[in-house]
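Please take a moment with the sequence and the structure shown here before reading on. The paragraphs below are meant as a guided walk for someone who has not met this structure before.

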Amino acid sequence: MRWLGAALVAILVTAAGSPPASADNPPSATDILNRVLDSDPWGLNGATITARATLTDKGGSKSELSLVAKSKRYDPPLSKSIVRFSAPPDLAGAGFLQIQKRDGDDDRYLFLPELKRSRRIAGSLRSNAFMGTDFSFADLDRRDLRDADARLTGDEPVASWPCYVVDVTPRREDAQYSHTVMWVRKDNFLTLKTKMFDKGGVLEKTFEALEVKRVAGHWFISKSRMHDVQHAHTTELVLEDIVVKADIDDDEFTMRALEKP
Amino acid sequence: MLLKVVSFLLRHPWTSIVFIAVSLGLAGYAARTIEVRFQYRDFYDYPGNPSVPLLDRYYAEFGDPAGYVVLLVEAPDVFRPDVVRHISDLTRELERSPEFVDVLSLANARAIRAEGDDVASGPVMARIPRTKEESDQLRRTALGSALIVRHVVSPDGTAAAVLAKMRAPPATRTVERQAAGVEAARRVVAAHPAPDGVRVRVTGAPLVEVETTRALVRSQITLTPVVLLVMVATLVLTFRSLQGVLLPLAAVAVAVLWTAGIYSLFHRPLDIIGSVFPTILLVYGVVDPIFVYTRYLRKVDLGRTPEAAILEALSELALPCFLTSLTTALGFAAFASAHLPTIRTFGAIVAIGVALSFVTTVTVLPLLLKVVPLPNRTRSSTRIGAWVDRALVGLWAGIRSRRGWVCGGAIAVIGAGAVAARGVDIVSVYVSVLPRGPAQDTVHTLERELSGVVRLVVFLEGPAGSMKRPDVLQAIDAVSKLARNQPIVNSSVSLADLVSEANQAFAGGDPAERRVPDSSSLVAQYLALADPADRADLVSDDYARSHIRTLLTDRGSKALLGLRDVLQAEIDRRFPPLGVTARITGSVVDFEESDRLVAEVLWGFVAAFSIVVALEWVVFRSARVAVLSVIPNLVPIAACFITMRLAGFHLRVDNSLVLCVSVGGLFNTTIHIVARILQEIRAGATDPDGIVERSLRAVGPPSLYTAVVLSLGFAVMGLSPFPGLQALGLLSMVTFLTGFVSDATVTSTLMRSMFDWDRAITAARSSVPSSLAAGVGSAPGAR
């Protein structure tokens, strides 16, 4: 009878869509990291997202940035994205086109409506903040996770969700952080919390997923907060509208499209 | 009353000694907490300083420049690939150190610039240059940005800086923390041998403060024993016995230790000014014990028992010693009303120390005289004493018939001093306050190769968003450019540079487009493109506050304040119509306070001088004597200013202490000579020439010994690594020696010529009591 009971439990767990590995046999840190990279919390695989970022400085002053971003996976895991800003008024109409490259720097173009033409932005921007937010280009492109050593340090729930705790040390020379500690939800491998440590090993930023949403079968982090601990600056990013669409026309990701707000 | 206390102590010597020993233990225990520290902030950060809140707000917004450890890399060409790699290695290694929070160098400095038809943003160096072309490209980029050149690389490309910002915030940045940062940087340098022909030095404000603090500690460790040695030598020559050396020294040592214990209660660090107080107390404190011990020995020679000799000596000397201690203490206490805590504490603690020295002279010294056996040879008269006596007799014989010449000479010296003083300005110079060696070299190198450490900041405040308005940015640009054109300015940067460089970059690199555009949207778009970390260095997140950062060569407060006036005029013209407040801060606060401190020392000196003259008036009951005493004591001050003029010194925080130091010592001999003359008259003497000669012979030798002790004691400061304290040693020596010569000649001449002898002699004959004469004693030639 004992084997029958065990079999019933196994059937029930499988039917409930439990994590792919049992508690006794957790996935390796590398497996977890790969699943994290497979997830697409920002819709880079193909989506049109309307988002709003609220920036709060150390004095409590707030400013807002509104944008519409379209993305398309064109050479997995590479994608291209075009972002159009609608607020603040000074930035309205400005656009940004990014085409990820497998080797070397990504292609980036900026359109400033006042100049009526776009310019290619050269140089390594990975450690730069994305349009004044607390997200750096490196935080968004996740290259540092692809080329990294990972170590599973334990389990810890975040807001009652069971999570793996993974310590990731990037191998890239231009990595922004010395290491990051990630809390990865066991069921869908979304990163619910991340602590980023500077080159001196001191906490630099924390990322928290405040709300996750499933749209057309894809999990998105629809509300999140990035807090720059050292500069007391915070960005809260809300994905207000998500339209999943994998087959956006390639013409949408060209300089011509960029210059036509 | 005093004699009753002394009698009581002498009846219970061991109980008293145990009590004193316990008090010394407590004082020593308390003194352990005294921190020796040099931080410039100590000179201006005090409650009520109206400049500090603005400076603090500025530091809170844009960071404290004193928090950077700097690695200075010097090479024939810092853009050479191997040198760039070395800079990159040092940068990465420093980034890994927990002591630092941000590290900036050529390896990670960012700039926006044109690259052909593209706009390049981000680090000026994507990778280590491999070819000469890549090196040249890096050179063009770095030297083309106002935000990089003179900040992390010199204009000629022979020096580069790696700026490591200390993680500890200013409030917790102790000297130990700074030393840890400096050591961490040194370890990084040691672990990365520089390529051939490349030199890497650790510099920066933390190093300056650490090295200066260490120099202060070394000064205390070396100068105090040397001062003691000078005193021992003087005491050996004076008394020729072990007791004659040890007992006065023991009395003064107790006073110094008690004072140190009290100093700990002030909770102030021992800074460059405070560090002088042990020397002052040792030197001043030994004077009264010399007088008392001399008188004691003479009483013993006359056949008195030790106890009777002690009481008789004190009965004769307590009042003059009290008066000279009181005038000295009041002289220093005059500084206790100063605004600056550092000078206020200094004035208060030296006044307390001088008072305690008097207390130990009349308590500890008698106790020691009671319990320590008499020396075999009690007579203090020596060949030196005889020689001094003959010299004083000869001196008086020489000047008594040339009194007009002496007075004329004194007036001439005072006049020359006044002329010299007109050419001596109050000029605070940051660099020359620092000790010679690494601390000074550091600042000179940073001034020569980069921008220096002295900064004048225009701090701008307005409504949120105002700092990205084109008209405001254009005004900022104009003021910054005006600053750049001033001869002492090495660099001046502002948010306008960031916007101008972006505009030039988006205009394909056209130099004519290096300007703030008129479109507010375009400015906002450029600023949105800039990394917040770069922007934060120049403007607040809400664009309500910004600054123009001007770094300059330290040519002293006069030049700095002149620059401030030039910029202030431009600021007043440009910013009020824009609704933006622009105020100047930065090093100008330090320099203004340093100048103010010197001015307070000057006024404190004038106040103390006046107080002593007023006291003389009260004590001697003669306005004429009080006025006469002014002239001989102005002569050494005049000599001091003449020396300053000849040596090219200006009045600064450190060397102005000569006025504090001298005010306590100047009037002593004058008081003793006048008191002695009155005593002679009280004793029935009527021949003015004879009275003056005998007074001079009685007071002259101990006064000469005192002058020698004071001069040599302070001259020891010539061994200090601090240039200002060296100057203080020289000036003190000149002042005290001139003071003795002036008293021996001018005081005696003026008293002989202008004192109302007839009235004094008539008063003495009618036995009008004189409080002072009664206190001094009645035996002519007793001293």
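What follows goes through chain B, its sheet and core, then the contact between the chains, and lastly a few points of backbone geometry.

It should be kept in mind throughout that this is a predicted model. Chain B contains 30 helices and 10 strands, and its C-alpha atoms fill a box of roughly 105 × 50 × 45 Å when taken along the principal axes. Of the 783 residues in chain B, 57% are buried. If one considers the contacts in chain B between residues at least 6 apart in sequence, 82% of them join residues at least 24 apart.

A good place to begin within chain B is an open sheet of 4 strands, which follow one another in the order β2-β5-β1-β6 with antiparallel pairing. Because β2 (100-104) and β6 (199-204) of chain B each have a single partner strand, they stand at the edges, and one side of each is left without a neighbour in the sheet. From one strand to the next, the twist averages 20 degrees. Strand β1 (residues 68-74) of chain B runs antiparallel to β6(B) and is joined to it by 6 bridges; within this part of the sheet, V70(B) stands opposite T203(B) of β6(B).

Two helices can be followed from here. Helix α4 (residues 81-96) of chain B packs on the sheet, where it touches β1, β2 and β5 (159-166) of chain B, and its direction makes about 5 degrees with that of β5(B). Helix α7 (residues 205-239) of chain B, for its part, lies across β1, β5 and β6 of chain B and runs at about 75 degrees to β6(B).

The largest nonpolar core has 292 residues, and those that touch the most other members are L71(B), V73(B), L106(B), V162(B), V458(B) and V499(B). Helix α26 (residues 657-682) of chain B provides the largest share of this core, with 15 residues. Leaving aside neighbours within four places in sequence, the residues in contact with V162(B) include V70(B), L71(B) and V73(B), as well as I87(B), L90(B) and L94(B). There is also a second, separate core of 24 residues, among them C163(A), M182(A), W183(A) and L239(A).

How many residues of chain A are in contact with chain B? There are 28 of them, and they meet 30 residues of chain B. On the side of chain A that touches chain B, β5 (107-112) and β6 (117-122) of chain A each supply at least two residues, and β6(A) gives the most, with 4 residues. By class, this side of chain A has 11 nonpolar, 11 polar and 6 charged residues. β6(A) also pairs with strand β4 (residues 118-120) of chain B in the parallel sense, over 2 bridges, and I121(A) stands opposite V119(B) in β4(B).

Some details of the backbone remain. Most residues other than glycine have a negative phi, and most peptide bonds are trans. A87(A) and P88(A), however, are joined by a cis peptide bond with omega of about 5 degrees, and P88(A) is found in the loop between β3 (78-87) and β4 (95-99) of chain A. S160(A), in the loop between β7 (148-155) and β8 (163-170) of chain A, has a positive phi of about 75 degrees although it is not a glycine. S160(A) counts as exposed because it has 5 C-beta neighbours inside 10 Å, where 12 or fewer are required. H267(B) likewise has a positive phi, near 55 degrees; it lies in the loop between α8 (242-265) and α9 (277-285) of chain B and is exposed, with 10 other C-beta atoms within 10 Å.

Terms used
Residues numbered from 1 in each chain as written. Chains lettered and ligands numbered in written order. Predicted model: local features only at pLDDT ≥ 70, side-chain atom pairs only at ≥ 80, totals over all residues. Contact = placed C-beta atoms within 7 Å. Nonpolar A, V, L, I, M, F, W, Y, C, P; charged D, E, K, R; others polar. Pairing = 2+ DSSP bridges. Buried ≥ 20, exposed ≤ 12 C-beta atoms within 10 Å, placed from the backbone. Axes fitted to C-alpha atoms, helices over the stretch in contact; angles between N-to-C directions. Core = buried A, V, L, I, M, F, W, Y, C linked by C-beta atoms within 7 Å.
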